[in-house]
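Work through the exercises below with the model open. Each task is followed by a stepwise solution.

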2 protein chains.
Amino acid sequence: MVGDHSSKQYDHELEGIRSKVLLMGGMVETQFDEALNAFRVDNAQLADKVMADDQAVNQLEVQLDDACSHLIVRRQPTANDLRTVMATIKVITDLERVGDEASKIARTAKSLHERGLVSFNHYDIVRTISRATADMLHDALDAFARLDGKSALQIIAQDDEIDYEFRTILRNMITFMMEDPRTISAALDTLWVAKAIERIGDHAKNIAEYVIYVVEGRDIRHCKPAAVAAGKGAG
Amino acid sequence: MVGDHSSKQYDHELEGIRSKVLLMGGMVETQFDEALNAFRVDNAQLADKVMADDQAVNQLEVQLDDACSHLIVRRQPTANDLRTVMATIKVITDLERVGDEASKIARTAKSLHERGLVSFNHYDIVRTISRATADMLHDALDAFARLDGKSALQIIAQDDEIDYEFRTILRNMITFMMEDPRTISAALDTLWVAKAIERIGDHAKNIAEYVIYVVEGRDIRHCKPAAVAAGKGAG
């Protein structure tokens with residue numbers, strides 16, 4: 001009965017941590033959304049807010065890492081339970097990095113604003129990759145909330161589209177710069193924004209991989225997509 | 001006496017894991033070094049080797065994560081001991097990402113080689129940032145091996161120099177591209193390489209921060225350098 005009580009307590013504490021991770025996920029989604037808005041409408045105040053909000057995200061990362069450590073020490077989880085905690089620790093790291101990338105987008109938006117540089121519709125260039133990545137991040141958090149391995153698999157497949165989209169942007173920007181060298185500086189800034197978005201896609205993919213690790217108990221990091229779909233782990 | 005025995009066994013297993021992490025560190029240092037060589041002397045074969053070696057690094061990451069989990073479940077560490085395991089798990093993630101960045105450098109080197117694009121001394125542009133970053137990574141691994149908090153603090157301060165160097169490269173490349181738009185594609189590739197190097201510096205900084213977390217028991221992520229030097233943690 002003590003074991004049973006302890007296990008319930010463990011589940012309760014773990015749920016508390018998972019809720020806070022989802023809260024952190026919501027915070028970085030907002031950061032990402034607002035950073036893109038600041039980039040789209042050339043709004044320096046909004047860019048400042050995104051960068052300021054990163055402090056709260058960073059603090060939450062430290063708090064949640066601590067909570068995970070305490071949970072392990074106090075509740076001494078079984079191998080199975082520990083898998084969830086380990087995956088949660090990794091998800092926290094990825095979410096913090098999403099916040100960092102959103103801040104970079106905001107910083108670039110502000111820099112473009114201050115230099116009054118924009119000579120082409122820079123937001124239009126990253127619109128498609130932004131939407132696809134925002135959806136992917138949202139879906140990854142949703143899969144983490146519901147521990148849904150099936151939708152996690154679909155999310156992982158989406159990362160290829162985002163990489164493809166990034167390469168398209170890169171080619172377009174090169175053409176742009178060659179046609180009018182005066183656009184080079186603004187085009188590079190747009191490329192940095194696209195790169196930050198692509199990285200957010202990578203983090204969303206990582207989160208989806210950790211969901212599969214929890215659900216199916218196999219580590220699919222570094223597997224080819226075909227092997228993942230066929231149910232093979234890394235090794 | 002059982003506790004004592006168990007604690008010795010724990011120390012022994014932890015040392016085994018730490019040795020393997022240092023082995024992994026040596027592997028990614030070699031990847032980084034060879035990727036830069038491939039970029040310098042335009043060697044596609046060497047670039048291929050770097051990318052192939054990434055498989056072994058990835059496998060080691062999965063194995064080491066597993067070893068850390070097993071250690072926690074079997075030895076049920078105290079809060080103090082757990083801090084070292086948690087930091088080790090984070091160091092493993094950063095090392096794997098260093099391997100990814102080295103692979104990106106190798107891929108760019110190969111792409112430049114295949115397109116026969118190089119019209120300027122591209123390696124010369126990243127030489128300073130490469131050396132500073134290779135030193136920083138080496139020092140970070142050394143600080144992790146010796147759990148040397150003092151040298152970890154010095155490493156963290158070095159990251160600003162690397163960021164400064166990156167911004168210098170960016171300005172130079174913009175000038176380059178504006179003067180001769182035919183260099184745009186090769187200049188962009190050089191910028192991606194510089195960006196990957198800068199990221200490796202970020203990972204070295206992360207590793208140094210985890211060393212301080214183990215040694216001093218405070219979490220200095222997201223602190224201003226002055227606060228770090230003054231002995232304050234995050235919060």
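## Exercise 1: a helix pair within chain A

Task: find which residues of H3(A) meet which residues of H4(A), and classify the packing.

Solution. Step 1: list the contacts, meaning heavy atoms within 4.5 Å. From H3(A) come Thr88(A), Val91(A), Leu95(A), Val98(A) and Leu112(A); from H4(A) come His122(A), Leu137(A), Leu141(A) and Phe144(A).

Step 2: sort them by type. Ala, Val, Leu, Ile, Met, Phe, Trp, Tyr, Cys and Pro count as nonpolar, Asp, Glu, Lys and Arg as charged, and the others, Gly among them, as polar. The contact of H3(A) with H4(A) has seven nonpolar residues, two polar and no charged.

Step 3: take the geometry. H3(A) and H4(A) (residues 122-146) pack at about 160°, axes 13 Å apart. Axes are lines fitted to C-alpha atoms, for helices over the stretch in contact, and angles run from 0 to 180 degrees between N-to-C directions. Angles under 35 degrees count as roughly parallel, over 145 as roughly antiparallel, 65 to 115 as roughly perpendicular and the rest as oblique. H3(A) and H4(A) are therefore roughly antiparallel.

Before going on, note the ground rules. This is a predicted model: local features need pLDDT of at least 70, side-chain atom pairs count only at pLDDT 80 or more, and totals for chains, interfaces and linings use all residues. Residues are numbered from 1 along each chain as its sequence is written, chains are lettered from A and ligands numbered from 1 in the order in which they are written, and side-chain values use heavy atoms, with hydrogens and water left out.

## Exercise 2: the span of H3(A)

Task: compare the reach of H3(A) with the expected value.

Solution. Step 1: H3(A) covers residues 79-115, which is 37 residues. Helices are DSSP runs (H or I, at least four residues), numbered from the N terminus.

Step 2: the expected span is 1.5 Å times one less than the number of residues. H3(A) reaches 54 Å from first to last C-alpha, close to the 54 Å expected.

Step 3: look just past the end. Gly116(A) takes a positive phi of about 50°.

## Exercise 3: helices across the chains

Task: classify how H6(A) and H6(B) cross, and which residues make the contact.

Solution. Step 1: both helices span residues 184-216; their axes come within 13 Å and cross at roughly 45°. H6(A) and H6(B) are therefore oblique.

Step 2: Ile184, Leu188, Leu191, Trp192, Lys195 and Arg199 of chain A and of chain B make the contact. These residues divide into eight nonpolar, no polar and four charged.

Task: do likewise for H3(A) and H2(B).

Solution. Step 1: H3(A) and H2(B) (residues 44-75) pack at about 125°, axes 10 Å apart. That makes H3(A) oblique to H2(B).

Step 2: Ala79(A), Leu82(A), Met86(A) and Lys90(A) meet Glu61(B), Asp65(B), Ser69(B), Ile72(B) and Val73(B). The split is five nonpolar, one polar and three charged.

Note on methods:
Helices (H or I, at least four residues) and strands (E, at least two) are DSSP runs, numbered from the N terminus.
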